[in-house]
Amino acid sequence: MTAMLSRCEQPYFGLHRKLVLAFDIGIEHSSISYCILDPGEVPIICSVNRYPGQEHVGGGSKIPSLLYYSTSGNVCAIGAETQGMDVIERAEEEGWVKVECWKLHLQPEAVHPPASYINHPSLPRGKHVVEVLGDFMQYLHRCARTYIEEILPCGNRLWGLLENRIEFVFTYPSGWEGPQQRQIWIAAVLGGLVSNTAEDMARVHLLTEGEANLHYCIYNSILAPNTLSQTPIVASDSQGIVVIDAGNWTIDLSAYSMTLSPLMIEEIAPVECRLQGFGFVTRRAHGLLQEKLSGSCFGTPEMVQQMTDIFDMSTKLRFRNPEDPTYIRFGTVRDKDKDPQFNIRNGQLKLNGQDVAELFKPSIASIIEAFETQRMNVGIPITIVFFMGNFAASDWMFAKLQEYFHSLGIAFSRPDSHCNKVVADGAVLYCIERLVAS
C-alpha cells in the first residue's frame, strides 16, 4: 500500500456534503469517529461520546464489544447496555447467551490464540460470526445516527440528507487477509448499512489498524506544530517508522517508509503479530496471586479473581518501580481483612515490586524480538517507533521500551490518546485524505 498524505489540512472541494463514519470494532471495546464534509470547509473529526446504557453523565467514547442473544437468536442487548444490573438479572432468568471476544472467531488460523490462552464462549447456536458482526455494525450505525441527530442543530434533517452519502470505514487487524476482509463487507450488508450494489459497496472502505494508527500519529505527532521541529526526519530522505499496536491480547508491529515534501508512506515489511498483549500480564498476575495466597483464607478462587480484577484495572497501570512494593487494595482500612503472614493488612495485599516487574518481562521480550525480526526485513533505518493501544497506558512498559529504543538511537513516543479512539480517528483521516485528494 502506498498513500500520499499532503492535503489533510485542505478544505473539502466536493460538490456535495458527505458523512464519514469510521468503526473501530475491537475484541473487547469499540468506538466510532465521524466527520461531516462540507464543500469549501476544512474537515473536523469528532467522536460519538454517548451510547445507550452508559451510567456516567456525558458517556464515553468506547463501549464493550458485548452482545446478549435470546435462545431464539435475537439480539437482546449490546454494548454498555449489557452492563446494567437489570439486563444481567434478566439474562440469567431468561437464559440469554452472552457473546464476548467473538471477534476472535474471525481470526486467521495463523494468529488464532490457543484455547488455553483465551476462554471465550461459543457463538449462539445457529449464529455465524459474520452475523454477529453484522448485528454489532447495525447497532453502532444506529448509535451514530442517534448521536448526530441529538447533538447537531437540525440533526434529523441533516442525517436524512447524508444517509445515502455515508462513507463507511472499517478497521481490521493487520494480520487479517482476503477471507476476513470479505467477511467485513458481507457483515456491512447483513447489518443494513449498505446494499449489495456496486454503487453502495464503493462507499465501504477497509483499513488495517496499523495504517489507521499511522495516519493518526502523522497528523497529531509528526506534523503537529509543536513537535515537527523535534521529529528526527530529513524531508528529502526516506525514513523508517514502526507502529506498535499493543492491545489487550495481540501485539502488532507494522513498518512503513515515510518522506516529507510531499508526505508519502508505504508499507515495507510483513506485519509481526505476537500474543503477548496487556491481558497476559493480568493472567500471569492471577497465577502469582494463586501462588502467594495458597494456604491463606484469602486464597479462594473468588477472592483471587477479585484481586486479579483490581490488579487489572489499577495496579498494573500504576506500577512504575520494581524497587518499591506494589499494593492491591481489595477492602477498606476498617475491614478485618488482614493476614500478616501473607502480607495482607488493612484490606490490601503487598506485593514485591520485582515480582510484579517479572509479569511484564515476556511481553517486553516479545515486542523486542518482533521488532528485531521486522528490522531485518526492511531496507532503510528505523528512526521512529510509535507505541499505541491499551498496553501503552502502562508507564513501566513505556519506560522499559523507551530505554531499549533509545539505546538504538531510535525516537520512541506514545500519543496522548494512546488507548482511546486513535484507530477510529486515524480511519477518518485516511478517508478524508482520499476524498479531499480526489
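Select threonine 171 in strand β9 of this predicted model. Threonine 171 stands opposite leucine 207, a residue of strand β10. Widening the selection to residues 166–172 for β9 and 204–208 for β10 displays the two strands together. They pair in the parallel sense, and 5 bridges join them.

**Strand β9 and its side chains**

Keep β9 selected and show its side chains. In a regular strand, side chains alternate between the two faces of the sheet. Here Ile166, Phe168, Phe170 and Tyr172 point one way, while Glu167, Val169 and Thr171 point the other way. Are these residues buried or exposed? All of them are buried. Because 7 of the 7 residues of β9 are buried, the strand is largely enclosed by the rest of the structure.

**From β9 to β2**

Next, add strand β2, residues 18–25. β2 and β9 run parallel and are joined by 5 bridges. To locate the pairing, select leucine 21, whose bridge partner in β9 is phenylalanine 168.

Within β2, select alanine 22. Alanine 22 has a relative accessibility of 0% and therefore counts as buried. Now add leucine 429 to the selection: 407 residues separate it from alanine 22 along the chain, yet the C-alpha atoms of the two are 9.5 Å apart.

**Strand β3 and its partners**

Follow the chain from β2 through a hairpin of 3 residues to β3. Which sense does the pairing of β2 and β3 take? The two strands are antiparallel, with 8 bridges between them. Aspartate 24 can serve as a marker, since it stands opposite serine 31 in β3.

Select the whole of β3, residues 29–37. Of its 9 residues, 8 are buried, so this strand is largely enclosed by the rest of the structure. Two short selections show further partners of β3:

- Residues 63–64 form strand β5, which runs antiparallel to β3 and is joined to it by 2 bridges. Serine 30 has isoleucine 63 as its bridge partner in β5.
- Residues 46–47 form strand β4, which pairs with β3 in the antiparallel sense over 2 bridges. Tyrosine 34 stands opposite cysteine 46 in β4.

**The sheet β7-β6-β8**

Select residues 67–69 for β6, together with 75–78 for β7 and 97–99 for β8. These 3 strands make an open sheet in the order β7-β6-β8, with antiparallel pairing. β7 and β8 stand at the edges, each with a single partner strand, so one side of each has no neighbour in the sheet. Neighbouring strands of this sheet are turned by 20° against each other on average, direction ignored. Between β6 and β8 there are 3 bridges; leucine 67 has valine 99 as its bridge partner in β8.

Two cysteines may be selected next. Cysteine 76 is partly exposed, at a relative accessible area of 30%, whereas cysteine 101 is buried, at 10%. How many disulfides does the model contain? With a cut-off of 2.5 Å between cysteine sulfur atoms, the count is 0.

**The two nonpolar cores**

Select Ile244, Met307, Phe360 and Phe387, the residues with the most contacts inside the largest nonpolar core, which has 48 residues. The elements that each supply at least two residues of this core include β11 (239–246), β12 (251–259), β18 (382–388) and α10 (395–407). Which element gives the most? It is α9, with 8 residues. Another core, of 46 residues, lies apart from this one; Leu19, Ile63, Ile78 and Phe170 are among its members.

**Helices α7 and α8**

Select residues 278–292 for α7 and 301–318 for α8, both of which contribute to the largest core. Their axes come within 9 Å and cross at roughly 135°. That angle makes α7 oblique to α8, and the crossing is right-handed.

**The sheet β15-β17-β16**

For the last stop, select β17, residues 348–351, with β15 (326–329) and β16 (344–345). They form an open sheet of 3 strands in the order β15-β17-β16, and the pairing is antiparallel. β15 and β16 are at the edges; each has a single partner strand, so one side of each is left without a neighbour in the sheet. β15 and β17 are paired over 4 bridges. Finish at arginine 329, whose bridge partner in β17 is glutamine 348.

Note on methods: Residues numbered from 1 in each chain as written. Predicted model: local features only at pLDDT ≥ 70, side-chain atom pairs only at ≥ 80, totals over all residues. Heavy atoms only, no water. Core = buried A, V, L, I, M, F, W, Y, C linked by side-chain atoms within 4.5 Å. Buried < 20%, exposed > 50% of the residue type's maximum accessible area, 1.4 Å probe, protein only. Pairing = 2+ DSSP bridges. Axes fitted to C-alpha atoms, helices over the stretch in contact; angles between N-to-C directions. Parallel < 35°, antiparallel > 145°, perpendicular 65-115°, else oblique. Left-handed = near helix turned anticlockwise from the far one by under 90°.
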